[in-house]
Amino acid sequence: MNRPLINCIVPVFNGEKYLAEALESIFQQTYRPIEIIIADDGSTDATAAVAASYGDRIRYVRQDNAGAPAARNLGLSIAQGEFAAFLDADDLWHPEKLQRQIARFEARPEIDLSITSIQNFWIPELKGEAERYRNHRLSAPVPGYVAATLLARRALFDRVGLFNLKFRHGDAQEWFLRTAEQGAVIDLLSDVLVYRRFHRTNTSRNVSSAFDDHLKILKASLDRRRQEDAIPRRYEFPGSHPTDRNKT
């Protein structure tokens, strides 16, 4: 049986410290076939050397620094598989992530994209911060409306567009909102299959910038709906309510 190729796109900027761990979590996937594309966003550290150490096991492309959404789009520009997935260079995948998601596409041919739950974890040097958030929602698994959980049909990006370069922190959120507006079918796996690393330099901890992007994204969505003179409606996302379950 011929199984569809998944392009695993890894956007990275100065990610030498964790890149190898991220790549190993892709190599350990139980699903095949896959192709790994490293999209280097103008790194000035040893990122290129780490990538080169994998030889022809990966494809490496580079651009001048333009932000994570531009790097994701760069990877997509050379992706030729039927599906695309993304993993930030400081995060990790469960070994069965892709296998379990492809199973959802096989069970539900109508879906356009699959996401999973995500679990945050802190590096040892941030043990104090991890302790402060022990009973906080940041320490609990949540539905992962972030790029790292996404497995999508490549054709979906042709239909709804690429990641928006205006939002360096909220580009994935903005993309998910656009897909929902255009009627894409989203499937949520409640399984925790992505692990997001909190460290001293990642953008996930930049709360103020993320909040600013959030407000701009919501305004842009409202503006689009007004321009289309659409009937007011809410876009329901799987996992937005505690009682939500995987749709079968």
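Two strands are treated as paired if DSSP finds at least two bridges between them, where strands (E, at least two residues) and helices (H or I, at least four) are DSSP runs numbered from the N terminus. The structure is a predicted model, in which local features need pLDDT of at least 70 and side-chain atom pairs count only at pLDDT 80 or more, while totals for chains, interfaces and linings use all residues. Residues are numbered from 1 along each chain as its sequence is written, and side-chain values use heavy atoms, with hydrogens and water left out.

**Exercise 1. Determine which strands pair with β6, and in which sense they run.**

Step 1. Begin with β7 (residues 142-143), which pairs with β6 in the antiparallel sense over two bridges; here Val142 of β7 stands opposite Ile118.

Step 2. Turn to β9 (residues 186-198), which runs parallel to β6 and is joined to it by 10 bridges; within β9, Val194 is the bridge partner of Ile118.

Step 3. Add β8 (residues 151-153), which is antiparallel to β6 and joined to it by two bridges, with Ala152 of β8 as the bridge partner of Leu113.

Step 4. Consider the surroundings of β6 (residues 113-122), taking buried to mean under 20% relative accessible area, exposed over 50%, and partly exposed in between (1.4 Å probe, protein chains only). Nine of the 10 residues of β6 are buried, so this strand is largely enclosed by the rest of the structure.

**Exercise 2. Locate Ile123 and list what it contacts beyond its sequence neighbours.**

Step 1. Ile123 lies in the loop between β6 and α5 (127-132), and with a relative accessible area of 8% Ile123 is buried.

Step 2. Apply the contact criterion, heavy atoms within 4.5 Å. Once neighbours within four places in sequence are set aside, Ile123 is in contact with Tyr18, Arg197, Phe198, His199 and Arg200.

Step 3. For Arg197, the C-alpha atom is separated from that of Ile123 by 6.9 Å, although the two residues are 74 residues apart along the chain.

**Exercise 3. Describe the salt bridges of Arg197, Arg72 and Arg108, with the accessibility of each partner.**

Step 1. A salt bridge is counted when a side-chain nitrogen of Lys or Arg is within 4 Å of a carboxyl oxygen of Asp or Glu, and by this rule there are 16.

Step 2. Arg197 and Glu21 meet through their side chains at 3.4 Å, N to O. This pair links distant parts of the chain, 176 residues apart, with Arg197 in strand β9 and Glu21 in helix α1 (residues 19-27). Arg197 is buried at 5% relative accessibility, whereas Glu21, at 39%, is partly exposed.

Step 3. In the salt bridge between Arg72 and Asp171, the closest N and O atoms are 2.8 Å apart. The partners again belong to distant parts of the chain, Arg72 to helix α3 (residues 68-78) and Asp171 to helix α7 (residues 171-181), 99 residues apart. Arg72 is buried with a relative accessible area of 5%, and Asp171 is buried at 2%.

Step 4. Arg108 and Glu110 form a salt bridge whose closest N and O atoms are 3.0 Å apart; Arg108 counts as buried at 11% relative accessibility, while Glu110 is partly exposed at 44%. Both residues belong to a network of salt bridges that links Arg104, Arg108, Glu110 and Asp187.

**Exercise 4. Identify the members of the largest nonpolar core that touch the most other members, and the elements that supply this core.**

Step 1. A nonpolar core is a set of buried Ala, Val, Leu, Ile, Met, Phe, Trp, Tyr and Cys residues joined through side-chain atoms within 4.5 Å. The largest has 30 residues, of which Ile6, Ile36 and Leu98 touch the most other members.

Step 2. At least two residues of this core come from each of β1 (6-12), α1, β2 (34-40), α2 (47-52), β4 (83-86) and α4 (97-107), and α1 gives the most, with five residues.

Step 3. Not counting residues up to four places away in sequence, Ile36 touches Cys8, Val10, Leu23, Ile26, Phe27, Arg57, Ile58 and Arg59.

Step 4. A second, separate core of 26 residues includes Val61, Ile78, Val160 and Ala172.
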